[in-house]
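Dear colleague,

Please find below the structure that I am handing over to you. My findings follow directly after it.

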Amino acid sequence: MVQTKTTISRRKFIKSSSGVALFIGVSGILPQLISCKDPKKIKEQLAQQTLTAWVKLSEDGEITIYNPAAEMGQGSMTSLPLLFAEEMDADWSKVKVEFSPQESEVYGSPGWAPGSKLMFTVGSRTTNSYYQVMRKAGGQARYVLMSSAAKHWEVPISEITTSKSFIIHEKTGQRISYGSLVPFLEMPETLPVFTEEQLKNPKEFQLVGKDIPRTEIPAKVDGSALFAIDIRLPGMVYGVLERGNLHGSKPTLTNESEILAMEGILRIIPLDYAIGIVGKTLEQTLNAKKSLKINWSKSKATGHNSQEVYTTYEKIASQKQSGKVIIEKGDFPKAIKTASKTYKVDFKNDYVYHAQMEPLNAVVQVAEDGGSAEVWVGSQQGPDTKLGVPKILDIAPENVNVHLQYLGGGFGRRSMNDFVEECTILAKEMEPLPVKLIWTREDDVTYGAFRPLSLQRLIACTDANGTVTGFSHSVIGDGGNLVASAVANDHYDIPNQFAEWREASNGIRLKHWRAVGHGPNKFAIECMLDEIALDQGLDPLELRRKLMVKAPRALATLEKVAKISNWNTPSVNGRAKGMAFVEHGSLGTGVCEISVDRSTGNIKVHHFWIALDAGVVVQPDNVKAQMEGGIIMGMSSVLKEQITIVDGQVQQSNFHDYDLLRMQDIPESIETAILESTEVPEGVGETATPMVACAIANAFLKLTGKPLRHLPFSPERVLQALNS
């Protein structure tokens, strides 16, 4: 199959010319050129008409809808096609879902810059950003069907209605299935660009908001689902890299001839920061990797000690000059001067690793002439839908074909293209052989890209009535938005606010980690509020109720979670409850109930309750699953996970020394109450995780009167707090 960008009339679906059959999509998808000498290919294309760029329809009524987002367990393979099917009035039982081509011009959603389009599954933006895109595309597909039926029946389109993959003309009693209409399909002269008013009222939804099974679960259960790590191609060879555990260090290989003489080793490919090996089998390349003798240079990270650096951060926080100002509302200095009481507290968080289940991997095959490439990868995509491959190969983006696969976990790590670019470098040297690059778990832990270590210095003040009148938040750490996001308190009525970021760079690789800055910064903000409440003799619920007086949607989540958690009913002896509010797209308030083993320092979370306002909820059962997964991942990071660095070198290497939450540690129950809403849907994948640290710390404060201010809450730190 050859693809072209030639502009061709969209009025007809099929046209034969010069020995090829052209199959033209409606929304600008590239036409496919199939040789007429290949009857099988033509038959396959005729069997499924390209109704629009988003959907194919077969004469037996089967509908294939494209999903433009990565599927890493969050349910996009169902939620986005469901929005399309809702507006198309499709019979969901006849729907199949496939990944769309990685072409942002056609399949992108509105990007952050005006007029831009993105295929980027990050920041819990997928459902929100594609909500109108998919609905309008589904509405257009329905319009094409209605227009074709009206022309076939010679009736006005205004008299046509649809229902569950049928087109109906009530006046004449005629009805025809979508599949049966295929032979009569004709492209209308123009397609309407539907406005919100022309689409379905959410109250009329038949699919959205119902508990519909996810499309990809059966394949994941029976093992037929393809992840990138499952890809096997004829002639495929394997690549691995030795990157060391000192970030930014440059290698000098001293035994190249010895490695090349090893069985199955085909090539050694040096990079600025690593030594690459390509071999006939994975076992052979890994065996050779163990035998590498490398001298490593010093780097910016040399001398960095993660547990000692906080002293330096405290000094940076105490400097008189401000950092980069993020928020300046009201007059915080004046509020401090006139305050009845002032609070000043430092909160800290260590580095955290993504720990995604599927190791990073990709397969790249570069054509023998170097002019094109095929890529198989599980990626969260990015601003460059071709993932950096065209630049490395110095070829046009349209000559790179990305086959998106299921992801075995992302959490932000797979929005980084380093592993795809590395594979491309190796494949360029090995063309035309396909190369599979695999990061081992040790590679990913030691040369990971972590959630940043940071220190938050909070200063708050209250008036004589105990009302919070001023709030200052200074973030010290590396990574810009990675550490400084989520410092706004938009749902709290605090008249004087100031927030800034003060940079402190240590040469450590960093990346978005689920909820980005919300985890550390909401931990600091919500814990500060409870410390104020304790000092003022206030119920934390009452304090937040007062602060949320101008934010009714946020307040509704607070009231709901107070009800379902029986907040006002005291816990049994030895337990206590803590709460926290988080906005990350969705609005959510969480309450947890904990106990503490005062001899070991182990915290046990018994119950977690969440009240969530996510706007229109496309898949309620999946939203609850996202909340549960977010809470458990949050608990793991809060109670267990920690990357430590000594003299610039990562101390952990695998799950024997990077501890994760175990089955015996999960709560007895996690209950999610979803508030009804007709607002545009918001993301839910990153709402639950950030509320865990603050809810646990606030429950600990209520239970013991002692604050926890340094993540993670290791038993040693808990015992230290108890004995302070």
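Asp659 and Arg662 join their side chains in a salt bridge, with 3.6 Å from N to O. Asp659 is partly exposed, its relative accessible area being 32%, and Arg662 also counts as partly exposed, at 40%. Please keep in mind that this is a predicted model. As general background, side chains of opposite charge can pair when their charged atoms come close.

The total for the model is 37 salt bridges. One of them is formed by the side chains of Asp350 and Arg717, at 2.9 Å from N to O. Asp350 is found in the loop between β20 (341–349) and β21 (361–366), while Arg717 belongs to helix α19 (residues 715–722), so this pair ties together parts that are 367 residues apart in sequence. Both Asp350 and Arg717 are buried.

Another salt bridge links the side chains of Asp613 and Arg553, at 2.8 Å from N to O. Because Asp613 lies in strand β31 and Arg553 in helix α16 (residues 552–564), the pair ties together parts that are 60 residues apart in sequence. Arg553 is partly exposed, with a relative accessible area of 32%. Asp613, by contrast, is buried, with a value of 6%.

Asp613 deserves a further word. Strand β31, in which Asp613 is placed, covers residues 602–613. The side chain of Asp613 also reaches the backbone nitrogen of Gly615, at 3.1 Å. If neighbours within four places in sequence are left aside, the residues in contact with Asp613 are Arg553, Thr557, Ser586, Leu587, Leu675 and Ser677.

Salt bridges can also be joined into a network, as is the case for Glu86, Asp89, Arg142 and Lys200.

I turn next to the nonpolar cores. The largest nonpolar core has 73 residues, and those that touch the most other members are Phe471, Ile603, Phe608, Ile631, Ile696, Phe700 and Phe713. Helix α18 (residues 689–704) contributes the most to this core, namely nine residues. Not counting residues up to four places away in sequence, Ile696 touches Cys592, Ile594, Ile603, Val605, Val638, Leu639 and Phe713. There is also a second, separate core of 55 residues, which includes Tyr66, Val106, Tyr131 and Phe205.

How many disulfides does the model contain? The count is zero. A disulfide is a covalent bond between the sulfur atoms of two cysteines, and the cut-off used here requires the two sulfur atoms to be within 2.5 Å. For Cys461, which is in no disulfide, the nearest cysteine sulfur is that of Cys527, 19 Å away. Cys694 is likewise in no disulfide, and its nearest cysteine sulfur, again that of Cys527, is 5.7 Å away. Cys461 is buried, with a relative accessible area of 0%, and Cys694 is buried with a value of 0%.

Finally, I would draw your attention to helix α7. Which residues of this helix, spanning residues 282–290, are buried? They are Gln284, Thr285, Ala288 and Lys289. Seen down the axis of α7, these buried residues fall within an arc of 140°, so they line one face of the helix. On the face turned away from the buried side, α7 carries the exposed residues Glu283 and Lys290. The elements that cover the buried residues of α7 include β14 (237–242), α6 (256–260), β16 (265–270), β17 (275–279) and α12 (441–446).

With kind regards

Terms used:
Residues numbered from 1 in each chain as written. Predicted model: local features only at pLDDT ≥ 70, side-chain atom pairs only at ≥ 80, totals over all residues. Heavy atoms only, no water. Buried < 20%, exposed > 50% of the residue type's maximum accessible area, 1.4 Å probe, protein only. Helix = DSSP H or I, 4+ residues; strand = E, 2+ residues; numbered from the N terminus. Arc of directions from axis to C-beta. Contact = heavy atoms within 4.5 Å. Core = buried A, V, L, I, M, F, W, Y, C linked by side-chain atoms within 4.5 Å. Polar contact = N/O pair within 3.5 Å; in protein donor to acceptor, adjacent residues only side chain to side chain. Salt bridge = Lys/Arg side-chain N within 4 Å of Asp/Glu carboxyl O.
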